[in-house]
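Visitor: Could you pick one spot in this model and take me through it closely? I'd like to see how that spot sits in the rest of the chain.

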Amino acid sequence: MDSESLNGQVLCGRYVVLETLKPGGMARVYKVVDNTSKRTLALKLPTSSSNEALAALAFDREREALENLQHPSIVELVDAGRTEQRELYLALEWLPACL
């Protein structure tokens, strides 16, 4: 699916895609707005090409680390889980790029 076509779509049941950010090797990240809190967030999903078992392990480790760390230089974990289609996701604090 063309990444541009996701703009305006709802992902993970409550996050409306505002912008597709540059994809990485293991994950793709979207700038989204949470329909519940109206907060702008970064939504991280594994790429479809990533190994499901490795992606699950990486996402679990990242979630655990973010749950246990609090520091002004570390983004806040807002939500994490699996969609109805069993796709992993992490919803993170949105930090605009410093220019």
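Guide: Let's go for Thr47, bearing in mind that this is a predicted model. With a relative accessibility of 12%, Thr47 counts as buried, because the cut-off for that label is under 20%. Where does Thr47 sit? You'll find Thr47 in the loop between β4 (40-46) and α1 (52-68). As for what surrounds Thr47, skip the neighbours within four places in sequence, and the residues in contact with Thr47 are Gly24, Gly25, Met26, Ala27 and Arg28.

Now zoom out. The protein has six strands and one helix, and the order along the sequence is β-β-β-β-α-β-β. So the loop that holds Thr47 leads from β4 to α1, and in the pattern two more strands come after the helix.

How does burial look across the whole protein? Buried residues account for 30% of the 99, and Thr47 is one of the buried ones. On the outside, the protein exposes about 6500 Å², with 51% of that supplied by carbon and sulfur atoms.

On overall dimensions, a compact globule of 99 residues would have a radius of gyration near 13 Å, and the protein agrees, at 13 Å. Along the principal axes, the C-alpha atoms fill a box of roughly 35 × 35 × 30 Å. If you count contacts between residues at least 6 apart in sequence, 35% of them join residues at least 24 apart.

Last, the charges: there are 14 negative and 11 positive side chains, and the centres of the two sets lie 1 Å apart.

Definitions and conventions. Residues are numbered from 1 along each chain as its sequence is written. This is a predicted model: local features need pLDDT of at least 70, side-chain atom pairs count only at pLDDT 80 or more; totals for chains, interfaces and linings use all residues. Side-chain values use heavy atoms; hydrogens and water are left out. Helices (H or I, at least four residues) and strands (E, at least two) are DSSP runs, numbered from the N terminus. The radius of gyration is taken over C-alpha atoms; the globule rule is 2.2 Å times the number of residues to the power 0.38. Buried means under 20% relative accessible area, exposed over 50%, partly exposed in between (1.4 Å probe, protein chains only). Contact means heavy atoms within 4.5 Å. Accessible areas come from the Shrake-Rupley method with a 1.4 Å probe; for residues, only the protein chains shown count as cover. Lys and Arg count as positive and Asp and Glu as negative; His and the chain ends are not counted. The place of a charge is taken as NZ of Lys, CZ of Arg, CG of Asp or CD of Glu.
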